[in-house]
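Okay, thanks for squeezing me in. I'd like to walk you through one structure, so have a look at this.

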Amino acid sequence: MTNSIITATGSYLPPRIVPNEFFLNNESYGADGIRLGRSNPEIIKKLHEITGIRERRYVTDGLSTSDISFLAAEQALEGLDRESLDYIIVAQNFGDVRADNNRTDMVPTIAARVKHKLKIRNPYTVAFDIPFGCPGWLQAMITADYLIKSGDAKRILVIGAELLSRVSDPHDVDSMIYSDGAGATLLEASNRDAGILSHVTRSDTHDEVYLLWLGKSYNRDRNDNNLYIKMQGHDIYKYAVRTVPEVVRKNLAKAGLGIEDVKKILIHQANEKMDEAIVKRLFKLYGQADVPAGIMPMMISWTGNSSVATLPTLLDLIQRGKLDDHRLVSGDIVVFASVGAGMNINSMVYRMP
């Protein structure tokens, strides 16, 4: 049976570090357009307590989403034949947002731009994007797995990239969560008893569709027609903690595994407290009160939330030995999980080759 195995990874973490103190002079407003009564030091302290974020990464003005996608791809493809790629799939949600204009630019696709930057001439290297909210990279991996298992592809480059700093409302406290980044993985067909074992995806659009959306600035005196990312943070928290563990359990059952088989849980870096609550509830579903130490690698404290880029970046840092003492070895079972706009949730079970 053909399996899908990750054979290479890459990532781009912008060198510009933006600490929480960067927001000390912000003018913050609520959704009602009224300026918040709390002081900025209070707002920043509360945000750090909830999310765990102390700093985040922003790209420099000269870079776009396709640029950092290309840089992550270059790292993942080092020493490999680019012309042999069957597909390039890029998960992203806002296109090539420029520093001087936050309008979404998706034509041509980011994947097509990355293929162009990689100088690939092969016309049968098919390039397309997946806009799927924060779970986009994981959904692109699931799509790539289907393509490989169908026999139509043997080598697929999957990228997750986003520049959230350019679609964040500077007058919305939630803007402090967001960051920029890109991660890439090379997925290849193999006969080895390893790779992607199972995956589960769900979309809740009846009541939850507008928990994340694009809207105008909370500062009603701003004279622009720009749209910025908005969210109902508290409702998302409740939805994620309630629903993500169910999807992960369903995914493990589909793979014929239990929670005791899992070595690491790589979860979308959205909010430290939320991720901890999700994993705690997951173990509770299996009748376990305690979460094993070190099972959930985290990087959000110094990278912020870069949406589709968090999971591939997290994986790349682990694979390169750059994330604390976290290591993955042959045979380890890894669970990936993500939640975001849609509202979408997905999970993937992977055995290390």
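**Cores, a helix and a sheet**

So, the largest nonpolar core here has 51 residues, and the ones with the most contacts inside it are Val 244, Leu 252, Val 262, Ile 265 and Val 339. Keep in mind that this is a predicted model. Which elements give two or more residues to that core? They're α1, β10, α5, β11, α6, β12 and β13, and α5 gives the most, with 8 residues.

Let's zoom in on Leu 252. Leaving out residues up to four places away in sequence, Leu 252 touches Leu 257, Gly 258, Ile 259, Val 262, Tyr 286, Val 335 and Val 349. There's also a second, separate core of 36 residues, which includes Ile 5, Trp 137, Val 158 and Trp 302.

Now the sheet. Four strands form an open sheet in the order β8-β13-β12-β11, and the pairing is mixed. β8 and β11 are at the edges with a single partner strand each, so one side of each has no neighbour in the sheet. On average, neighbouring strands are turned by 15 degrees against each other, ignoring direction. In the middle of this list, β12 and β13 pair antiparallel over 8 bridges, and Phe 336 sits opposite Met 348 in β13.

Two helices lie across β11 and β12: α6, at about 145 degrees to β11, and α8, at about 135 degrees to β11.

Last one, α2, residues 65-76. Is α2 largely enclosed or largely open? Well, 9 of its 12 residues are buried, so α2 is largely enclosed by the rest of the structure. The cover over those buried residues includes β1, β4, α3, β6 and β7.

Methods:
Residues are numbered from 1 along each chain as its sequence is written. This is a predicted model: local features need pLDDT of at least 70, side-chain atom pairs count only at pLDDT 80 or more; totals for chains, interfaces and linings use all residues. Side-chain values use heavy atoms; hydrogens and water are left out. A nonpolar core is a set of buried Ala, Val, Leu, Ile, Met, Phe, Trp, Tyr and Cys residues joined through side-chain atoms within 4.5 Å. Buried means under 20% relative accessible area, exposed over 50%, partly exposed in between (1.4 Å probe, protein chains only). Contact means heavy atoms within 4.5 Å. Two strands pair if DSSP finds at least two bridges between them. Axes are lines fitted to C-alpha atoms, for helices over the stretch in contact, and angles run from 0 to 180 degrees between N-to-C directions.
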